[in-house]
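Hi,

Here is the structure I said I would pass on. Have a look at it first, and then read my notes underneath.

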Amino acid sequence: MSAASRAEAPAYVATTKTGRFTDFVDERVGGSGILREFGRKVFPDHWSFMFGEVALYSFVILLLSGTFLTFFFDPSMAETHYAGSYTPLKNVEMSVAYSSSLDISFDVRGGLFMRQVHHWAALLFVASVAVHMLRVFFTGAFRKPREMNWVVGGVLLILAMAAGFTGYSLPDDLLSGNGLRIIDGVIKSIPVIGTYTSFFLFGGEFPGTAIISRLYTLHILLVPALILLMIVLHLFMVVVHKHTQYPGPGRNDHNVVGYPLGPVYAAKAGGFFFIVFGVIALMAGFFTINPIWNYGPYDPSPVSAGTQPDWYIGFVDGALRLMPGVIGNFHFEYIIFGHVLTLNVLLPALVPAGIIFTVLFTYPWIERWITKDNREHHVLDRPRNAPTRTAIGVAGFTWYCVMWAAAGSDLIATHFHVALNDVTYWLRALFFVGPFIAFAVTKRVALALQRKDREIALHGRETGRIVRLPHGEFIEVHAPLDEYKRFKLVGFESLAPLPAQPNEHGVVDRKEKRRAKLSQWFFEDRVVPATPAELEAGHGHHEAVEAGESQKTLSH
Amino acid sequence: MKALSQKRRHPLAAIALLLMGLLLTGGLYAVATTVNQAKASTAEFSASDAEQGGKLFAANCATCHGMGASGSQAGPSLVGVGAAAVDFQVGTGRMPMQMNGPQAYKKPGQFNEQQTHQLAAYVASLGPGPSIPEAGVLDEKGDAAKGGELFRTNCAMCHNAAAAGGALTRGKFAPALADVSGKHIYEAMVTGPQNMPVFNDANISPEGKRDVITFLKQIEANGSPGGADLGALGPVSEGLFVWIAGLGVIIAFTIWLTSRSS
């Protein structure tokens, strides 16, 4: 019996050698099943959906170029005298870390190129993560069921910043040392635990001899491992949730309209990797980034003008620059039981970043609480169709940008020939009023765009053809839209304020009243999409205009 | 001796003692400070230079600096600023000043070399001050590495480690140092023009100044080994570049890649 079953012929025998080989592998790992499942995953096509991909590809490029750099970088803070080929630093006393970074730049074949690839890719990585996040926010892609993936994305943003900052500090040049000194100051401003934390981190008083090797371990081991873990989680959830899509004819919350992964999308995505790689390689080949040889070795005494962190830490640096030391006679430093509490470092360094990340992480739940919307959403909002959310996003973004600009206040002053003090005063004012102005303007613009959409949906687009009516009046003929275009303008949901609801005891509690107020604030200004009845009326109305008979049609 | 001890309780004794003390410290100070002044000789200028310079001065500078360069409400006295200050301010076009403001801007020079020389001769004749440096310290053959260290410690906080310039308070600024001649760099160090402090010879020796100039000239000649330097302004210009050029090009590609469908 056993002989018979062993000899049982397989259902399928491949004819070619390659076929037999792949069949052998497939029978053991089930590859075709996986491929069938993934190859059929449908992805909608839109340029704004590709920033996550850019981030992923930048990360792959970071891993590749970073591995190359580890072959030559030595994270030691031992003292040495530079003996490489860059003469303006010849024989200068420096750390081994700085010396090996200079060797990578000047004495390792292709080293400078790889360093620049790594640094440009890092800037692009965080930038694409940020833009991806903005896209997700403004299109409402964070709504159910994607709230947790939004949080994973937020964690990825923080990890990306951590990866960038730990890497920025490694060359041990003057610029990165100045940056570390600021971080040290911020840590020391934390009450009670600050000094201990700083001593723990630096292995004694700043700068010590341990920090570079510690940051190196974080930079090449812990942080990338965490990023990889989060990417796996992030992509797993993308597969589980399926991709969102923009509203359009035939698209709803129960389908995904687009191309399957295999072969079209896989080919596009694969090609796009090389495009991203190419763009980064061109930047690295033609544009200097972080010319460490200009800055010289780190030494706590000199501080260079124009010392800034990389862009993603800029907003914290900007907040520090905006904070006044004293206001009139009001000081921000207190001595409590012999301990100094330095609010003019603690407040700007931690509070704005704290507010931004708290709101960022909790926003899906805030909006969910206000709208009481428990439905799944796979069709995105056009930003104009969620005016209050869009306005909140732009207000937050403006606040961030004010702080961001403040990090370059000295360069704004020198390049636009204005006084540094005035730049600071203006940015301080904008820090407080900027978000409110941005909110009001954005909300009005969004509502105006919605009205325009409604107008176009109802009356068609302006043709530029002027017709003179028999009684002498001139009108412009409007052409009706085709149904596909019109769907885009009317196919959205406009939420109305949700009044306070009694709970299971039949009581409207205080929290619910607050929610109702927020809902009122959120949705009171709204433009309702044109209904089919209105469209029908509008349509007839236009035919009448073209026929030119009814007096009613003259009200254009 | 007896007479002296008898007179020590004279009412004027204390005043005499004070005078002697002041004279002594003042004299010592005068000796000490002249050590710092780079050979304040006017030997290189002829009397006619000074005379011509005086005429030029009266016609072009006296409105603000006063007749005889004694200063006015609009401009400081120039007695004792030395030939180096004139050579720097007039030679770089900062004087005559383009407009009133926090700081004089560099502009094309308004006087030719000879006229600048004559103005310098005139101002130098008014009182001793730093003179125009000799060629020996400007040969750019010092130790660039040492100059770099001096530069980073003394100059980089305003002029930026890559000498790209930087902002100061209330509209003042430290200019970028590319394309500035070694002579003008030296003169700026010894005279402290605009808002710059004076780096006298006790602070940075002539040898050290030579190293600094060597360093600056060498990094200028080296160019940027990594490609276009984006103004050597550090992370701000790099961030702007990646957001505008880097992401811009990538967005263009994403639009191209998705343009065929939907």
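Below is what I found, starting with chain A as a whole and then going through some individual spots.

One thing to keep in mind throughout: this is a predicted model.

**Chain A overall**

Chain A has 556 residues, and 37% of them count as buried. Its secondary structure comes to 20 helices and ten strands. If you draw a box along the principal axes, the C-alpha atoms of chain A fill roughly 95 × 95 × 60 Å. I also checked how far apart in sequence the contacting residues are: taking the contacts in chain A with a separation of 6 or more, 73% are between residues 24 or more positions apart.

**A pair to get your bearings**

Try finding Val155(A), which sits in helix 7 (residues 147–169) of chain A. It is partly exposed, because 17 other C-beta atoms lie within 10 Å of its own, and buried would take 20 or more. Now go from Val155(A) to Leu447(A): the two are 292 residues apart in sequence, and their C-alpha atoms are 33 Å apart in space.

**Two cis peptide bonds**

Most peptide bonds are trans, so these two caught my eye. In chain A, Phe206(A) and Pro207(A) are joined by a cis peptide bond, with omega at about -5°. You'll find Pro207(A) in the loop that runs between helix 9 (194–202) and helix 10 (211–241) of chain A.

Chain B has a cis bond as well, this one joining Met95(B) and Pro96(B), with omega about -5°. Pro96(B) is in a loop too, between helix 5 (82–91) and helix 6 (113–126) of chain B.

**Two positive phi values**

Most residues other than glycine have a negative phi, so I noted these as well. Val192(A) is not a glycine, yet its phi is positive, near 65°. You can locate Val192(A) in the loop between helix 8 (174–189) and helix 9 of chain A. How many C-beta neighbours does Val192(A) have inside 10 Å? There are 9, so Val192(A) counts as exposed, the cut-off being 12 or fewer.

Over in chain B, Leu230(B) is another non-glycine residue with a positive phi, about 55°. The loop holding Leu230(B) connects helix 10 (206–222) and helix 11 (235–257) of chain B. Leu230(B) counts as partly exposed, because it has 19 C-beta neighbours inside 10 Å and 20 or more are needed for buried.

That's what I have for now. Happy browsing!

Technical notes
Residues are numbered from 1 along each chain as its sequence is written. Chains are lettered from A and ligands numbered from 1 in the order in which they are written. This is a predicted model: local features need pLDDT of at least 70, side-chain atom pairs count only at pLDDT 80 or more; totals for chains, interfaces and linings use all residues. Helices (H or I, at least four residues) and strands (E, at least two) are DSSP runs, numbered from the N terminus. Two residues are in contact if their C-beta atoms, placed from the backbone, lie within 7 Å.
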